[in-house]
Amino acid sequence: MKETEKLKLKKPDPEDFYNIQDFNDNMDALDADQARQDKAIQEHAGNGAIHVTQAEKDGWNGKVPPTRKVNGKALSEDISLAAADVGALGSGSTAEAAKKLLTPRSIRANLASSAAANFDGTANITPGVAGILPVANGGTGSSVEKYLPLAGGTIAGNLTLKNSTAFGCKLNFGDGDYVHISEPTDDNMEIKAKNVTFSTTNPIHGVPTPSAGTDAANKDYVDNKNAKAGSFYLSTLEISLVESLVEAGKIFKIKRKPVISSGLKDGTYQITSLYYSEGDEPLIVYAWPMRFSISGGDTTTELSVYIYNPSSSNIRMSRMSAAIKGCIVAYEGW
């Protein structure tokens, strides 16, 4: 029977019988050799004389090579740097350019002074001001104009109020509400407020003649209208009926010349009201035309009288006991 060169493992020949002990001996030899190799590897890895650790590698990689220089000076030995070597100021030197002061300083303008103040960074300064602050930046734009104090004062020149809102400028008199003043069109002023009261012992002058229904009237306009209106008259009229039946929900129409109270002056009269004089019948009465003329104490105008029965029952009108009565009014000069 042959054996291997290194581990002496048994190698049966073809004519040999299989022996299980030979097989077990080979396995034991392999296991023993594996144990020997493991021990050798551990001893080799733990030998610091022949192996470099990761910590040692990291330390070596962080070292600056001796060929490196600082401001032209090699690092092969200790070096000393002066302020001039790195472009810094020496102690007590004057700065030519700096981004930040060593000690923070304050600069506060003194509006009551026009004197200048030099700043070298060694102390705080309070320089004065000079020049004219323009209107766009909140000033007056002038060296002679003065502001109006909040506690009162007198405006000696023109006052300009300007705002871009729909209600113009707002004036507040100490409460939460505002009065709006605007110029909707050129040279026209508009005041918007809940109420506008004129409290004065003198009359308001310069009110023009009104042209629209919402315009204020002046004295000349009122006096002229009163002179044209003349006297006021109030009288009555009566329209006789024919006995008839006014059906429920229907309109009954008659045409009559009204009987006018005597003593009226000639002129044009307006009918102000008409009613059916019999009891409490719910008849609604109106006439056309509503205006007619009186000449010589009488009228030739026939009125179309419409009588409407709004109830659900027919109503019979009696010519003996009822009539259509009403009031008329007139102004001389109509």
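Which helix holds both arginine 36 and aspartate 33, and how many residues apart are they? The legends below describe close-up views of a predicted model.

**View A. Salt bridge between arginine 36 and aspartate 33 in helix α1.** Both residues belong to helix α1 and are three residues apart, about one turn of the helix. The closest N and O atoms of the pair are 2.7 Å apart. Aspartate 33 is buried, because its relative accessible area of 16% is under the 20% limit. A search of the whole structure finds six salt bridges, and further examples are given in Views B and C.

**View B. Salt bridge between aspartate 22 and lysine 10.** The closest N and O atoms of this pair are 3.2 Å apart. The contact links distant parts of the chain: lysine 10 is in strand β2 (residues 10-11), aspartate 22 is in helix α1 (residues 20-45), and 12 residues separate them. Aspartate 22 counts as buried at 11% relative accessibility, whereas lysine 10, at 28%, is partly exposed.

**View C. Salt bridge between lysine 192 and glutamate 190.** The two side chains meet with an N to O distance of 3.7 Å. Lysine 192 has 32% relative accessibility and counts as partly exposed. Glutamate 190 is also partly exposed, with a relative accessible area of 30%. Elsewhere, salt bridges that share partners join Lys10, Asp22 and Asp25 into one network.

**View D. Open sheet of three strands in the order β5-β6-β7.** The pairing is antiparallel. The edge strands, β5 and β7, each pair on one side only. Neighbouring strands are turned by 30° against each other on average, direction ignored. Three bridges join β5 to β6 (residues 179-185). Cysteine 169 stands opposite isoleucine 181 in β6, and the bridge partner of leucine 171 in β6 is valine 179.

**View E. Hairpin formed by β6 and β7.** Four bridges pair β6 with β7 (residues 188-192) in the antiparallel sense. Threonine 185 stands opposite asparagine 188 in β7. Two residues lie between the strands, and aspartate 187 in the turn has a positive phi of about 65°.

**View F. Open sheet of three strands in the order β10-β15-β13.** The pairing in this sheet is antiparallel. Strands β10 (251-256) and β13 (284-288) stand at the edges; each has a single partner strand, so one side of each is left without a neighbour in the sheet. The twist averages 20° from one strand to the next. Five bridges join β13 to β15 (residues 303-308). Tyrosine 286 has tyrosine 306 in β15 as its bridge partner.

**View G. Surroundings of asparagine 218 in the loop between β7 and α3.** Helix α3 spans residues 219-229. A polar atom of the asparagine 218 side chain lies 3.3 Å from the backbone oxygen of proline 208. Asparagine 218 has a relative accessible area of 16% and is buried.

**View H. Nonpolar patch on the surface.** The patch is formed by Val64, Val70, Leu75, Ile79, Leu81 and Val86, which together have about 460 Å² of accessible area. One of these residues, leucine 81, is found in the loop between β4 (73-74) and β5 (169-171). Leucine 81 counts as partly exposed, at 43% relative accessibility.

Note on methods: Residues numbered from 1 in each chain as written. Predicted model: local features only at pLDDT ≥ 70, side-chain atom pairs only at ≥ 80, totals over all residues. Heavy atoms only, no water. Patch = residues over 30% accessible without salt bridge, like charges linked within 9 Å, V, L, I, M, F, W, Y side chains within 5 Å. Areas by Shrake-Rupley, 256 points an atom, 1.4 Å probe, with all protein chains shown as cover. Salt bridge = Lys/Arg side-chain N within 4 Å of Asp/Glu carboxyl O. Buried < 20%, exposed > 50% of the residue type's maximum accessible area, 1.4 Å probe, protein only. Pairing = 2+ DSSP bridges. Axes fitted to C-alpha atoms, helices over the stretch in contact; angles between N-to-C directions. Polar contact = N/O pair within 3.5 Å; in protein donor to acceptor, adjacent residues only side chain to side chain.
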